[in-house]
Structure formats: C-alpha cells, structure tokens
Amino acid sequence: SHYIKNNSGDFTENWLNFIKMNVLSDKISFVWIGEVPDFFEDIKDKIIIYPGVNIMDFPRILREIQADFQIGPLAENWFTACKSDIKALQSYATDSIFIGTKFKSIPSPYDNCKNYININDSTEEINKVFWNLTKVTNYNESIKWQRNYLFENHCYMEDQQSQLTFINSLC
C-alpha cells in the first residue's frame, strides 16, 4: 500500500479500525512487509514485521509467511483504478484468501475478486465479511475459486508444456 507520513494512503479509516480492533483483541495476527507506517505505531508491538524485502525474495517470503488472508485496501482514485490485480494473484498463488476493495464510481483492479469489501463499507461490514470467510466451508470454497481463477486465466503455469500450450493458443 502507498502512504506518506500522517496520511493513511490506501487504508480507509474503516480498514484501519478493523485491523486495529482485531489485533488489539488478539483475534488476528497481522503481518506487515516493509517499513511500518505511522498509522500502525499504536499496534507496532503486536504485529509481525518483515522489514523491506528484496523484490527477488518477495515471492519466497510471501510463501514462508503462510498467511490465511491477505487484504487489498485501496483509495478510490484513478491512480489506483489503473493498478493491476497482482496483489490478488500473489495471494491466490500462496493459497491465501484475498479480500479486495471495490469502488463506487470507477473500476477497481479487484473487480474480479470473489471476496471484497466496498469502498464505503463500515468497520462492522468489513468484520462481517472477514469472519464469514473463516468458516471452513467458505474458506475452502474461496481457495478453490482462487485456484481455478489462476488456472483458467493462465496465471499459474507449473511446467513448460502448459506454457507452450498457452502460447500456441494465442497464435
């Protein structure tokens, strides 16, 4: 997520409230990769921090974390509307449930995500979406959907033959 000092960037107040409420009540373990922003100062001692990670090591670190969930908070503006869905795809590839943000009036890179919150959702609504996904049936259904999305969209090719078949299908 992008942010500057004294500005929460892509994190809406409701996303921040959701994270802090659940971290402070020990309901979730929260992992942050990179320099901890000032808006997490009050929970810094309760979160797991991976300092800046080399881009070449990032996929390995993401797999090692073994997160059950990853979130995609985004501010609603044209800059973020033009971003890719790479964070969702990374989450899918590590079998981590992704919760994206959908916008009210412009496209979001996460419009194709199965699990999402709307930009104006309250802290309570975010909490409801999250905890509903912790139910075993919902969690497993989401993991299956995400895996299928990767395969159906040729985002996850494990072998050279799969890659060649896909490339040949384009010609």
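Trainee: Why is the passage of H4 across H6 called a left-handed crossing?

Mentor: In this predicted model, a crossing counts as left-handed if the near helix is turned anticlockwise from the far one by less than a right angle, and H4 passes H6 in just such a left-handed crossing.

Trainee: What makes H4 roughly perpendicular to H6?

Mentor: H4 and H6, the latter covering residues 136-152, pack at an angle of about 115°, with their axes 9 Å apart. Angles of 65 to 115 degrees count as roughly perpendicular, and H4 is therefore placed in that class relative to H6.

Trainee: Which residues make the contact between H4 and H6, and how do they divide by class?

Mentor: Leu89, Tyr92 and Ala93 of H4 make the contact with Trp145, Gln146, Tyr149 and Leu150 of H6. These residues divide into six nonpolar, one polar and no charged; Tyr and Trp count as nonpolar in this scheme, and Gln falls among the polar residues.

Trainee: Why are H1 and H5 called oblique to each other?

Mentor: H1 and H5 pack at an angle of about 60°, with their axes 8 Å apart. Angles under 35 degrees count as roughly parallel and those from 65 to 115 as roughly perpendicular, and a value of about 60° fits neither range, so H1 and H5 are oblique.

Trainee: What is the handedness of the crossing in which H1 passes H5, and which residues meet there?

Mentor: H1 passes H5 in a right-handed crossing. From H1, Asn14, Trp15, Asn17, Phe18, Met21 and Asn22 meet Thr123, Ile126, Asn127, Phe130 and Trp131 of H5, and the residues of this contact divide into six nonpolar, five polar and no charged.

Trainee: What makes the space lined by Asp85, Ala88 and Tyr92, among others, a cavity?

Mentor: A cavity is a set of points where a 1.4 Å probe fits but cannot get out, and a search of the whole structure finds one cavity of 30 Å³ or more. About 40 Å³ of space lies in the largest cavity, whose lining also includes Pro109, Tyr110, Asn112, Cys113 and Tyr149. That lining divides into six nonpolar, one polar and one charged residue.

Trainee: What volume does the largest pocket have, and which residues lie nearest its centre?

Mentor: The largest pocket has a volume of about 1,100 Å³, and of the 41 residues that line it, Phe30, Val31, Ile33, Gln70 and Ile71 lie nearest its centre. Elements giving two or more residues to this lining include H1, H4 and H5, and by class the lining has 24 nonpolar, 11 polar and six charged residues.

Methods:
Residues are numbered from 1 along each chain as its sequence is written. This is a predicted model: local features need pLDDT of at least 70, side-chain atom pairs count only at pLDDT 80 or more; totals for chains, interfaces and linings use all residues. Side-chain values use heavy atoms; hydrogens and water are left out. On a 1 Å grid over the protein atoms alone, a cavity is a set of points where a 1.4 Å probe fits but cannot get out, and a pocket is an open set with protein on both sides within 12 Å along at least five of seven lines; lining residues have an atom within 4 Å of a point. Grid points are joined across faces, edges and corners, and a volume is the space filled by probe spheres set on the points. Helices (H or I, at least four residues) and strands (E, at least two) are DSSP runs, numbered from the N terminus. Axes are lines fitted to C-alpha atoms, for helices over the stretch in contact, and angles run from 0 to 180 degrees between N-to-C directions. Angles under 35 degrees count as roughly parallel, over 145 as roughly antiparallel, 65 to 115 as roughly perpendicular and the rest as oblique. Contact means heavy atoms within 4.5 Å.
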